[in-house]
Amino acid sequence: MPIFRRLLLGLLVLAILATPVIAVLNGWVGGLHWPMQRLQVTAPFAFVDQDKVRTAVLPYLKDGFFAVDLNAINAKLQTLQWVERVEVRKQWPDTLIVQIHEYRPLAVWNGTQMLAEQGSVFAMPKARLPALPSFNGHPLQATDMVAFYGKAQPLFQSVGLAITELSISERNAWRIVLSDGLVLDIGRNDADARLSRFVALLPKIKREEPRRLVHADLRYTNGFALTWRALAAPVPAEPPTNPQEPV
């Protein structure tokens, strides 16, 4: 019996000694004696709403420095629009440090999602979007499309045009629609070389032909197949009418 009493007494002492530690870890005491008083957020804030970040984080700070749940904060911030990834840590004695990496939108993806400059596909935000080109392809082709666009867009900008649509077929054939409506079928092979050759000649082609160029097939070894559309005839101006003389 004395042995049992000593064992029981020992367990009681351990429980008493452990209670403050458990209380701190669960925030019962930590929230009062080691409060989180500073929130430091680093982000571009080009698209992420700063107020929404603060609203998402503040409820987690009430438990104090030792009990704040960094994983829960990370998961909560990941639900915000435009957030790609989050890094959360705490700094003694009272600071929570949050670093937010935003998606940098490059294009509308298949009409329903967004494609980031990083090559990742993400949900289309409900907020108003900037003017972006439209990309169409398989998710596994997203990274290739970002790289191709990065090389092709500067070529067309050099002649005053921009890519408004970029598509790649299941057979990896490229198609481009430009800001003036010109459609380019590039094919699968030597896409970079074909584009460079065509863009170098495009100003001369347009200068020497009065009709509007609407389609160019670049899938030829030594040339292009071009489709033209006649320009609409100008509408003659109506002769001015003389205002009626006052009676």
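This passage describes the overall make-up of a predicted model, then one of its sheets and the surroundings of Gln 141.

The chain contains six helices and twelve strands. Of its 247 residues, 34% count as buried. The accessible surface amounts to about 15,900 Å², and carbon and sulfur atoms contribute 57% of that area. Among the contacts with a separation of 6 or more, 45% join residues 24 or more positions apart.

Strands of a sheet pair through backbone hydrogen bonds, in either a parallel or an antiparallel sense. In this chain, three strands form an open sheet with mixed pairing, in the order S1-S3-S2. Strand S1 (38-42) and strand S2 (83-91) stand at the edges; each has a single partner strand, so one side of each is left without a neighbour in the sheet. From one strand to the next, the twist averages 15°. The pairing of S1 with strand S3 (residues 95-102) is parallel and extends over five bridges. Within S3, Val 98 stands opposite Val 41. Helix H4 (residues 70-78) lies across S2 and S3 and runs at about 155° to S2.

Gln 141 belongs to the loop that lies between strand S7 (134-136) and helix H5 (142-157). This residue counts as buried because its relative accessibility is 11%, below the cut-off of 20%. A polar atom of the Gln 141 side chain lies 2.7 Å from the backbone nitrogen of His 138. When residues up to four places away in sequence are not counted, Gln 141 touches Ile 168, Ser 169 and Asn 172.

Note on methods. Residues numbered from 1 in each chain as written. Predicted model: local features only at pLDDT ≥ 70, side-chain atom pairs only at ≥ 80, totals over all residues. Heavy atoms only, no water. Helix = DSSP H or I, 4+ residues; strand = E, 2+ residues; numbered from the N terminus. Buried < 20%, exposed > 50% of the residue type's maximum accessible area, 1.4 Å probe, protein only. Polar contact = N/O pair within 3.5 Å; in protein donor to acceptor, adjacent residues only side chain to side chain. Contact = heavy atoms within 4.5 Å. Areas by Shrake-Rupley, 256 points an atom, 1.4 Å probe, with all protein chains shown as cover. Pairing = 2+ DSSP bridges. Axes fitted to C-alpha atoms, helices over the stretch in contact; angles between N-to-C directions.
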